[in-house]
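Open the model in your viewer and keep the selection panel at hand. The tour goes stop by stop.

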Amino acid sequence: GERASGPIKLEKDASYIFDQGVVDIRRAVDYLESRGDVSSIGLLGRSMGGMMSSVVLGVEDRIDAAILISTGGDVELIFTKGALGQDPKLKKVLESEKRPYTEPLNYIGMYKAPYSFTSA
């Protein structure tokens, strides 16, 4: 898909990047399923990719197992107490009306297949 050619602005682009990542993962699953020679699908996500993967796992029943590495949930906690914390630009991300739909903790509990959390 089309990607930015210049620097991103976290406060403006974070929701788009996250949403597009979820779509990209689901399209990858579509592709693997369309091949006809794939009997099972695993998903590995690290850091923000793990957060995106948590959302995907909650809505995508075609993934048979997952490993999430150095990831998390509770976006508000991550954006206020984590490595990115205290950046006033992030307040706009946290106030987005889309935030409940991109909160990993709202989805990971829906996934019923095997998964593992680990740190790098």
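Start by selecting lysine 98, in the loop between α4 and β3. Helices (H or I, at least four residues) and strands (E, at least two) are DSSP runs, numbered from the N terminus. This is a predicted model: local features need pLDDT of at least 70, side-chain atom pairs count only at pLDDT 80 or more, and totals for chains, interfaces and linings use all residues. Residues are numbered from 1 along each chain as its sequence is written, and side-chain values use heavy atoms, with hydrogens and water left out.

Lysine 98 counts as partly exposed because its relative accessibility is 36%. Buried means under 20% relative accessible area, exposed over 50%, partly exposed in between (1.4 Å probe, protein chains only). Now add tyrosine 31. Lysine 98 and tyrosine 31 are 67 residues apart in sequence and 27 Å apart in space, C-alpha to C-alpha.

Next, select glutamate 103, in the loop between α4 (90-94) and β3 (115-118). Is glutamate 103 buried or exposed? Its relative accessibility is 7%, so glutamate 103 counts as buried. Leaving aside residues up to four places away in sequence, glutamate 103 touches Gly73, Asp74 and Val75. Contact means heavy atoms within 4.5 Å.

Val75 leads on to the largest pocket, with a volume of about 350 Å³. Of its 20 lining residues, the closest to the centre are Phe18, Met48, Met51, Val75 and Phe79. A pocket, on a 1 Å grid over the protein atoms alone, is an open set of points where a 1.4 Å probe fits, with protein on both sides within 12 Å along at least five of seven lines; lining residues have an atom within 4 Å of a point. The volume is the space filled by probe spheres set on the points, which are joined across faces, edges and corners.

Colour the lining by element. α1 (10-35), α2 (48-59) and α3 (75-81) each give two or more residues. α1 gives the most, with 5 residues.

Stay on α2. Of its 12 residues, 9 are buried, including Met51, Met52 and Leu57. The end C-alpha atoms of α2 are 17 Å apart, which agrees with the 16 Å expected for 12 residues at 1.5 Å a residue. That expected span is 1.5 Å times one less than the number of residues.

Finish on strand β1 (residues 42-46). Leu43 and Gly45 point to one face and are buried, while Gly42, Leu44 and Arg46 point to the other and are not. Show β2 (residues 65-69) too: β1 and β2 pair in the parallel sense over 5 bridges. Strands pair if DSSP finds at least two bridges between them. Select leucine 44 last; its bridge partner in β2 is isoleucine 67.
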